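Trainee: I've got a structure open and I'd like to learn how to read it. Could you take me through some features?

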There are 2 protein chains.
Amino acid sequence: MGGDHAPREVVRGALEAARTYPELRLLLVGRPDEVLEEVDLVGGKASSIEVVPAEHVIGMGDSPVEALRRKKGSSIEVATRLVRTGDAAAMISAGNTGACVAAGTILLGLLPGVRRAGIAVCLQAGAHSVVVIDVGANISSKPEHLIQYGIMAGLYARSVLRLENPRVGLLNIGEENEKGNSLVKSTNAMFRKTRLNFQGNIEGVEIFRGVCDVVVCDGFVGNIVLKVSEGLAEQLVDLIRGTVEQVLRSLPARATSVLEGAAIPAVTFGESESSDPVALLERRLRAAFVSMREKIDYAEYGGAPLLGVNGVMIIAHGRSDAKAIASAVRVAKRMVETDIKRHITEEIHALMEQA
Amino acid sequence: MGGDHAPREVVRGALEAARTYPELRLLLVGRPDEVLEEVDLVGGKASSIEVVPAEHVIGMGDSPVEALRRKKGSSIEVATRLVRTGDAAAMISAGNTGACVAAGTILLGLLPGVRRAGIAVCLQAGAHSVVVIDVGANISSKPEHLIQYGIMAGLYARSVLRLENPRVGLLNIGEENEKGNSLVKSTNAMFRKTRLNFQGNIEGVEIFRGVCDVVVCDGFVGNIVLKVSEGLAEQLVDLIRGTVEQVLRSLPARATSVLEGAAIPAVTFGESESSDPVALLERRLRAAFVSMREKIDYAEYGGAPLLGVNGVMIIAHGRSDAKAIASAVRVAKRMVETDIKRHITEEIHALMEQA
């Protein structure tokens with residue numbers, strides 16, 4: 001029921017995932033009428049889909065902990081309880097992030113030894129993917145929390161990005177070990193004592209350059225990094241689209257008229273391909289921009305898992321569309337199949353033994 | 001002598017500024033031989049240019065305070081002392097940022113009432129400019145520091161961006177007053193009691209949307225925002241350039257051959273404009289990308305002033321070219337002319353009176 005396009009896009013994404021993975025049982029948690037209406041709109045209920053009623057909805061602007069307490073039986077609460085009781089292997093929500101974090105922490109509890117849950121997000125720009133943790137679950141981190149984040153996000157990268165030995169970096173304002181505020185200085189020293197593939201400090205400018213697979217930071221900083229990237233990417237795509245359109249329009253009139261006269265058969269792209277090569281070019285550029293927006297939209301990459309809780313929980317972006325939801329189902333499935341909970345418990349235990 | 005392209009680009013930028021503002025006296029501080037060699041290369045010394053010898057150079061990787069102490073007579077130290085003695089009205093360096101901050105703080109001292117100096121940077125994406133303060137001078141800010149940053153950067157925006165009543169926002173992970181870590185919560189409450197045009201908290205996604213003219217944050221967060229933006233912008237421009245080139249190359253061969261045959265007179269852009277409209281388009285797109293890279297490169301916007309010290313000091317990006325240096329001269333000139341030091345002193349005094 002949560003997110004900017006719920007329940008429509010959430011239902012559509014779930015149905016898409018049900019087609020891709022017929023072995024999954026998908027539980028749609030929410031107001032049955034609204035959910036079933038959407039299900040009917042896209043061709044009816046597959047046998048692998050079940051609706052679990054939840055009367056209340058926590059709004060995007062609601063205060064998380066208060067809403068959980070006040071709105072008993074909200075879809076976030078009901079879905080999380082399904083994981084707690086073992087009736088579901090994972091839960092996914094595009095709703096209120098704070099409420100998901102609270103539900104995960106309170107209802108599922110933390111895995112043995114885990115000090116704080118953290119939200120990991122897989123960002124992409126160009127050819128590189130990078131997992132950033134934490135992006136907002138914990139905004140007063142201690143060094144021990146950040147070390148555990150490095151471990152958990154490393155296991156997530158191993159599970160979902162299928163990396164053998166993920167490189168872990170600590171987000172800082174300089175590369176030297178002695179740089180930064182007291183939090184990162186202590187964390188850097190602690191990281192160097194672990195068995196992680198620790199690359200040392202990395203600067204903001206390097207996040208998108210593929211020098212690390214995992215970037216660790218406090219949730220306040222991580223949330224701002226995430227949001228700044230989102231805002232800047234939006235602005236730049238718009239700016240660039242504007243620039244390209246201006247260039248297209250700037251072609252001298254005589255050029256355009258010659259081009260207009262040049263009839264090109266519409267071979268490769270079928271249907272309404274026009275005969276004007278500049279129009280063709282323009283259309284392809286537009287399509288390329290749409291696909292690029294997707295490339296830099298982390299929602300495409302399966303949502304953001306809340307790592308460290310005793311269950312698989314994925315928090316999808318509020319503006320997730322069906323494709324993003326289906327992608328989150330894929331990631332949740334992978335996390336369950338690779339038994340990430342057990343690996344986190346073991347690695348955190350090993351860290352404590354070592355200390 | 002500092003920065004990636006010193007002394008060449010610094011000297012060229014200074015000479016460019018000398019031509020634009022013949023009323024200025026420009027002092028080039030550094031190793032006379034190296035500086036004069038560059039001056040000769042670009043046509044000799046104008047009468048308004050003077051070389052002030054400084055034997056040592058602080059490297060980009062040197063530890064700031066230690067380097068200042070050890071390398072007596074470095075160009076950064078000598079230039080800062082010229083401001084201290086009144087022999088210069090402002091100093092500009094593309095060198096080691098930490099050394100500039102240390103020199104500014106130690107040699108110039110803070111203005112009366114100012115608790116910490118802060119680096120302000122003017123970022124731009126699309127149509128909007130925004131001043132972000134602090135981007136790395138002070139990585140353990142207290143609420144009082146952030147309030148003073150809001151005041152100082154507001155005066156900077158008034159001086160350089162010529163805004164009457166700049167809108168000030170506090171960078172946070174949510175808009176509501178009660179959001180964020182303890183630093184921003186206390187700062188938000190204090191800001192609301194000032195006479196500043198305070199807009200409340202702003203999220204990372206809004207920085208580039210033009211909702212505020214000044215964005216205040218701790219230097220650790222600000223530095224990371226700055227570097228992440230720089231890295232992401234680089235990646236995206238490359239990604240987009242790649243996309244556009246791929247689209248251009250994807251034009252069907254028959255389209256290209258028809259286009260190749262279409263002779264267009266090179267009317268508007270002179271010289272080597274080819275007769276192939278796709279090549280023309282490609283060239284214009286490339287030019288547009290270059291100009292776009294400049295648009296999103298804050299170095300174009302006159303460097304970053306260290307606000308709060310008793311003198312005008314501008315720290316330019318290490319990779320500054322001549323144009324960026326000339327632009328920093330323009331900004332320094334404007335800051336001196338509008339007597340920003342006096343305004344900062346008065347406003348900080350008024351704030352203390354009010355408290």
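Mentor: We'll go through a helix with a buried side, a helix pair, and some backbone oddities. This is a predicted model, where local features need pLDDT of at least 70, side-chain atom pairs count only at pLDDT 80 or more, and totals for chains, interfaces and linings use all residues. Residues are numbered from 1 along each chain as its sequence is written, while chains are lettered from A and ligands numbered from 1 in the order in which they are written.

Trainee: Which residues of helix α7 of chain B are buried?

Mentor: General idea: an α-helix has 3.6 residues a turn, so residues three or four places apart point the same way. Helices here are DSSP runs (H or I, at least four residues; strands are E, at least two), numbered from the N terminus. Buried means 20 or more other C-beta atoms within 10 Å of a residue's own, exposed means 12 or fewer, and partly exposed is in between, with C-beta atoms placed from the backbone. In α7(B), residues 182-191, the buried ones are L183(B), V184(B), T187(B), N188(B) and F191(B). They fall within an arc of 125° seen down the axis of α7(B), so they line one face of the helix; the arc is that of the directions from the helix axis to the C-beta atoms. Exposed S182(B) and A189(B) sit on the face turned away from that buried side.

Trainee: What covers the buried residues of α7(B)?

Mentor: The cover includes α6, β6 (168-171) and β7 (198-202) of chain B, counting contacts as C-beta atoms, placed from the backbone, within 7 Å.

Trainee: At what angle do α6 and α12 of chain B pack?

Mentor: About 145°, with their axes 10 Å apart. Axes are lines fitted to C-alpha atoms, for helices over the stretch in contact, and angles run from 0 to 180 degrees between N-to-C directions. Among the residues that meet are I151(B) and L155(B) from α6(B), and I344(B) and I348(B) from α12(B).

Trainee: And the backbone oddities?

Mentor: Most residues other than glycine have a negative phi, and most peptide bonds are trans. Yet D339(A) has a positive phi near 55°, and D339(B) one of about 55°. D339(A) lies in the loop between α11 (322-337) and α12 (340-354) of chain A, and is partly exposed, with 13 other C-beta atoms within 10 Å.

Trainee: Where is there a cis peptide bond in chain A?

Mentor: Between A6(A) and P7(A), with omega about -5°. P7(A) is in the segment before α1 (8-20) of chain A. In chain B, the bond from A6(B) to P7(B) is cis, with omega near -5°.

Note on methods. Contact = placed C-beta atoms within 7 Å.
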